Amino acid sequence: MSENTASHAGSATAATSRHIACDVAIVGSGPAGLSAAIRLREHGVGRVVVVERESEAGGIPRHCAHPPYGVREYHRLMTGPTYARHNVKLALAAGVEILTRHTVVALDAGARLKLTTPDGLATLTARRVLLAVGARETPRSARRISGDRPLGVVNTGTLQASLFLEHRKPFEQPLIVGTELVSLSAIASCRKAGIEPVAMIEPRGRPTARWPLNLYPRLNGIPLYVNTRLVSIEGSDRVEAAWVQSGRSGPRRIDCDGVLLTGEFTPESALVRQSALMLDPRSQGPSVDPYGRCSDPSYFAAGNLLRPIETAGWSWREGRRVADNLATDLADGLAQEECVTINLRDPIKYCVPQRVPVSNTDRDGRLQLRVTQPVKGSLRLWVGERVVWQSTGHFLPERRILIPSHTLPTHLDGPVKVDLI
Amino acid sequence: MAVIGGGVVGCATARRFALEGARVLLLEKGADILSGASKANSAILHTGFDAPSGSQELACMQRGYAEYREIAQRLNLPLLETGAMVVAWNDADEAKLDAILAQAHANGVEDVVRISRDAVRQREPALSSQARGAVWVPGEHVIDPWSAPLAYLQQAMANGAHVWRGATVEGGAFDGKTWTLLTTLGEVRSTEVINCAGLFGDHLERALLGEASFTIHPRKGQFVVFDKAAAAMLSSIILPVPNERTKGVVLTRTIYGNLLVGPTAEEQEDRDHASLDEAILDSLVADAITKVPALEGMPITATYAGLRPATEQKAYRLKDRPEANWITLGGVRSTGLTAALGLAEHAFACYRQRRATTPIGSPVWPAVPNLAEHLPRDWQQPGYEEIVCHCELVTRREIEAALESPLPPGNIGGLKRRTRACMGRCQGFYCGARVAELTGNCLTPPISTGIWHE
Ligand SMILES: Cc1cc2nc3c(=O)[nH]c(=O)nc-3n(C[C@H](O)[C@H](O)[C@H](O)COP(=O)(O)OP(=O)(O)OC[C@H]3O[C@@H](n4cnc5c(N)ncnc54)[C@H](O)[C@@H]3O)c2cc1C
Ligand SMILES: Cc1cc2nc3c(=O)[nH]c(=O)nc-3n(C[C@H](O)[C@H](O)[C@H](O)COP(=O)(O)OP(=O)(O)OC[C@H]3O[C@@H](n4cnc5c(N)ncnc54)[C@H](O)[C@@H]3O)c2cc1C
């Protein structure tokens with residue numbers, strides 16, 4: 001590894017002065033970060049360094065010991081760990097440097113990072129930084145769940161890391177809250193480890209994961225209660241019961257020794273929030289332009305940091321696409337165009353990118369949107385007083401909505417807005 | 001002598017008596033210390049500016065405050081010098097500011113002053129413009145609510161005290177000279193008993209003395225902790241104009257670099273469970289946003305609740321029973337973190353009336369690891385091997401040191417309080433599994449329910 005180690009003369013804390021310089025630094029070695037790294041090398045970018053805080057590279061898929069991974073990217077059905085290892089292998093083969101146990105602690109203006117490593121603090125300067133730090137599930141606290149705070153209330157991420165990385169079970173008979181895709185992974189993981197979920201509950205009237213996947217709990221003999229919400233958790237040391245409420249009936253107690261809180265993802269945007277980069281309160285990720293560029297043009301972002309959430313395959317492709325833009329930026333300099341912010345009306349949850357250049361030259365990009373709740377109606381894209389695109393149908397929160405960028409005129413002569421009526 | 005209860009008051013008392021040369025055994029029923037009221041509070045080191053003038057509470061708080069400042073550095077305990085402002089949000093509040101100022105001065109807190117609306121804004125630009133003016137209390141500070149009692153007890157231990165955890169005192173008899181205490185870990189003999197049983201102080205009196213001189217009526221306080229990004233929004237502690245029952249909902253930075261809103265004041269009978277209530281948590285968030293509008297949309301890191309050992313009176317319930325070799329430090333309701341060292345001195349002053357001791361010559365001062373965000377943390381020093389908890393940047397070295405310390409964590413709560421592992425915004429999403437692995441069977445109950453191999 002070619003590193004410039006500049007020591008502070010006479011300083012007792014010489015280790016704090018390690019400095020890393022590279023062309024592109026990528027924060028996070030999940031599917032998005034690694035695919036971008038590989039792509040940058042394919043474009044001939046010199047020194048590409050991936051900074052990863054875990055002991056092993058690969059991101060979330062490392063502990064998702066279940067398919068489906070890799071179908072779109074490698075045309076093979078893989079488990080998460082196999083897929084993660086494959087990404088790492090390709091990255092190393094492409095000449096990407098991966099620094100594990102390196103944690104980015106601050107994003108400073110102009111592609112400068114502060115890091116901590118087991119060997120001491122470090123700084124990193126790059127021509128560009130790509131942020132690909134992913135997303136995580138919302139924990140109990142942020143969901144403001146009532147009741148006691150015993151052991152055994154965990155997210156799917158913790159469950160899977162416990163089982164597949166540390167070989168430990170966090171509970172034996174949990175209640176599963178949520179019916180997203182990840183909730184089904186949770187069932188699969190429980191099944192594998194001999195954990196017997198007592199029930200699965202969903203506050204809405206139907207499971208979030210779509211048919212035929214929504215049959216999965218029943219096929220596994222797990223009662224699925226819709227229109228049912230978690231009211232409170234009971235337990236002194238470990239979870240003893242959960243109180244749930246269905247419709248208008250009174251709360252009822254379900255004996256269990258754990259509560260598995262699945263889904264409700266949120267971007268891991270702590271670093272962004274504490275930096276000068278602009279954060280989008282709707283997506284909870286950094287605000288980007290169609291190139292994936294943040295408000296500080298030396299920073300780019302890709303993957304689930306941008307929004308909660310898409311599949312690994314989507315994040316992987318997004319990493320590649322942003323890497324293409326980044327490579328262009330390094331070679332020729334992407335234009336610094338004036339941008340229009342896309343205004344959103346409820347129930348639209350978010351739109352990525354958040355802004356588009358006034359002279360819209362992006363012909364093959366797409367606006368990614370989601371809604372907050374199931375709605376039937378017309379989704380409309382406005383420029384000034386004109387509807388430039390519209391689609392009528394049933395919009396579900398778990399389905400991404402894509403609007404091709406070329407539907408926008410080449411010159412935006414008014415405010416851009418998306419609504420749903 | 002036996003100190004019953006390992007809350008902050010018991011820990012401070014064990015320390016004082018150990019330093020004075022007494023042979024001390026601390027008995028705590030929980031798997032770890034801080035199993036009662038002391039596990040959840042606002043972590044403010046109070047000046048006593050608003051305490052009842054002339055009260056024992058005020059005296060103990062001010063002694064506690066002074067001693068904390070005196071010993072903090074040697075025990076490596078942090079102090080975040082924030083100052084506090086009692087903010088008037090309406091006419092009624094504003095009308096009370098002069099009285100608050102007068103009481104502060106009567107309590108000897110001379111540096112307290114009135115400040116104008118403009119001065120409030122200047123100090124706290126993020127505060128809502130509805131703030132009318134305030135009383136500025138420069139001496140109110142933020143401390144580490146868990147490292148402090150831990151440091152007191154570790155110093156007691158380093159100077160000869162013993163600690164039994166998992167030892168519930170269930171009964172006992174006094175023969176005129178010696179107490180025989182019946183605990184779940186066996187019999188203990190002691191000449192003196194100091195009741196620091198907090199939320200169970202009355203039960204302990206009833207079990208050992210036959211009757212209780214007071215009754216605990218737990219008063220719950222719920223809190224919401226905002227993400228670290230919020231801490232930059234305030235520099236001082238924002239106090240409301242208090243009412244009879246409570247100091248009211250506070251907005252303050254924490255020593256760990258977050259921003260906290262709470263506590264509520266809710267009466268309940270249950271002494272063990274401080275459960276959360278979604279609607280109340282929502283109202284705390286709403287209140288915080290009203291006062292600091294920029295908090296809108298700020299992620300929540302943690303929610304928690306604590307129980308104050310309140311009694312039928314506002315005053316502390318301090319009882320010296322020389323005929324029974326018994327001292328009660330009870331009903332230490334809402335200022336015990338501050339007053340603990342003062343209460344310990346008070347207990348020792350009572351004890352000295354009946355028995356002479358020789359203070360130990362050169363006491364040992366064991367330092368506790370720093371968890372304060374504004375001071376150097378372990379992750380900033382090379383050689384830590386691995387960051388385990390990414391949100392709070394807790395290193396493996398810190399977790400291992402806690403597990404190997406003289407008073408290792410007894411349960412997951414104890415580990416969190418000693419290291420901050422799993423205390424950050426992801427609440428264990430990233431590190432829960434690794435922490436379970438590293439702690440194995442060290443905690444009661446263990447984090448995992450079992451081992452599983454594919
Ligand atoms: C339980 C679970 C099951 C899932 N199952 C599937 C599935 O079956 N199929 C599927 O397609 N998708 C699945 N997903 C989603 C999929 O894993 C994600 O979409 C994908 O991993 C996102 O990739 P990413 O690169 O954006 O982020 P991540 O994979 O989350 O990678 C982010 C990386 O950044 C690192 N990082 C974060 N902060 C820092 C920092 N400050 N410094 C250094 N490094 C940092 C992290 O350690 C991590 O390695 C699942 C997700 C979960 C949680
Ligand atoms: C919401 C809230 C906010 C607060 N904010 C502040 C603040 O900002 N500043 C401040 O100074 N103070 C504050 N306080 C007050 C402070 O936390 C309390 O005054 C203090 O914790 C009381 O400590 P204690 O040792 O008396 O009781 P406890 O902490 O309850 O300790 C008693 C211990 O005795 C043990 N025990 C009980 N019975 C037995 C038995 N039979 N045998 C063995 N062990 C037994 C218990 O397990 C417990 O650990 C706050 C309190 C609350 C609840």
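Me: Why is Glu312(B) called partly exposed?

Reply: In this predicted model, Glu312(B) has a relative accessible area of 45%, and the middle class runs between the limit of under 20% for buried and the limit of over 50% for exposed, so Glu312(B) counts as partly exposed.

Me: What makes the pair Glu312(B) and Arg317(B) a salt bridge?

Reply: The side chains of Glu312(B) and Arg317(B) come to 3.4 Å, N to O, and the rule asks for a side-chain nitrogen of Lys or Arg within 4 Å of a carboxyl oxygen of Asp or Glu, so the pair is counted as a salt bridge. As background, side chains of opposite charge can pair when their charged atoms come close.

Me: How do you know whether Arg317(B) is buried or exposed?

Reply: The relative accessibility of Arg317(B) is 5%, and buried means under 20%, so Arg317(B) is classed as buried, whereas its partner Glu312(B) is partly exposed.

Me: What does the salt bridge between Arg354(B) and Asp320(B) tie together, and why?

Reply: The closest N and O atoms of Arg354(B) and Asp320(B) are 2.8 Å apart, which is within the 4 Å of the rule. Arg354(B) sits in the loop between H8 and strand S21 (387-389) of chain B, while Asp320(B) belongs to strand S19 (residues 317-321) of chain B, so the pair ties together parts that are 34 residues apart in sequence. Arg354(B), at 23% relative accessibility, counts as partly exposed, and Asp320(B), at 31%, counts as partly exposed too.

Me: Which residues are joined into one network by salt bridges that share partners?

Reply: The network joins Arg101(A) and Glu166(A) with Glu385(B), Glu386(B), Arg396(B), Glu400(B) and Arg434(B). Over all chains, the count by this rule comes to 54 salt bridges.

Me: How do you know that Glu202(A) and Arg204(A) form a salt bridge?

Reply: Their closest N and O atoms are 3.9 Å apart, and the limit is within 4 Å, so this pair is counted as well. Glu202(A) has a relative accessible area of 4% and is therefore buried, while Arg204(A), at 28% relative accessibility, counts as partly exposed.

Me: What makes Trp211(A), Leu215(A) and Leu219(A) a nonpolar surface patch?

Reply: Membership asks for over 30% relative accessible area and no salt bridge, with nonpolar side chains joined within 5 Å. Leu215(A) can be set against the first of these conditions, since its relative accessible area is 36%, a value that also makes it partly exposed. Together Trp211(A), Leu215(A) and Leu219(A) make a patch of about 400 Å², and Leu215(A) itself is found in the loop between strand S13 (199-201) and helix H6 (216-219) of chain A.

Me: Why does Gly166(B) count as partly exposed, and where does it lie?

Reply: Gly166(B) has a relative accessible area of 29%, a value between the limits of 20% and 50%, so it is partly exposed. Gly166(B) lies in the loop between strand S8 (162-165) and strand S9 (169-174) of chain B, and its C-alpha is 9.2 Å in space from that of Thr183(B), with their positions 17 residues apart in sequence.

Me: What makes the pairing of Thr338(B) with ligand 2 a polar contact?

Reply: A polar side-chain atom of Thr338(B) lies 2.7 Å from an oxygen atom of ligand 2, and the cut-off is a pair of N or O atoms within 3.5 Å, so the pair qualifies. Asn41(B) likewise has a polar side-chain atom 3.3 Å from an oxygen atom of ligand 2, and a polar backbone atom of Ile44(B) is 2.8 Å from a nitrogen atom of the ligand. Taken alone, ligand 2 exposes 1,000 Å², of which the protein buries 97%. The shell around ligand 2 divides into 20 nonpolar, 17 polar and four charged residues.

Me: How do you know that Val104(A) makes a polar contact with ligand 1?

Reply: A backbone N or O atom of Val104(A) lies 3.0 Å from a nitrogen atom of ligand 1, which is within the 3.5 Å cut-off. Taken alone, ligand 1 exposes 1,000 Å², and the protein buries 94% of that.

Note on methods:
Residues are numbered from 1 along each chain as its sequence is written. Chains are lettered from A and ligands numbered from 1 in the order in which they are written. This is a predicted model: local features need pLDDT of at least 70, side-chain atom pairs count only at pLDDT 80 or more; totals for chains, interfaces and linings use all residues. Side-chain values use heavy atoms; hydrogens and water are left out. Patches are made of residues with over 30% relative accessible area and no salt bridge: like charges are joined within 9 Å, nonpolar side chains (Val, Leu, Ile, Met, Phe, Trp, Tyr) within 5 Å. Accessible areas come from the Shrake-Rupley method with a 1.4 Å probe; for residues, only the protein chains shown count as cover. Helices (H or I, at least four residues) and strands (E, at least two) are DSSP runs, numbered from the N terminus. Buried means under 20% relative accessible area, exposed over 50%, partly exposed in between (1.4 Å probe, protein chains only). A polar contact is a pair of N or O atoms within 3.5 Å; within protein, one must be able to donate a hydrogen and the other to accept it, and residues adjacent in sequence count only if both atoms are side-chain atoms. Ala, Val, Leu, Ile, Met, Phe, Trp, Tyr, Cys and Pro count as nonpolar, Asp, Glu, Lys and Arg as charged, and the others, Gly among them, as polar.
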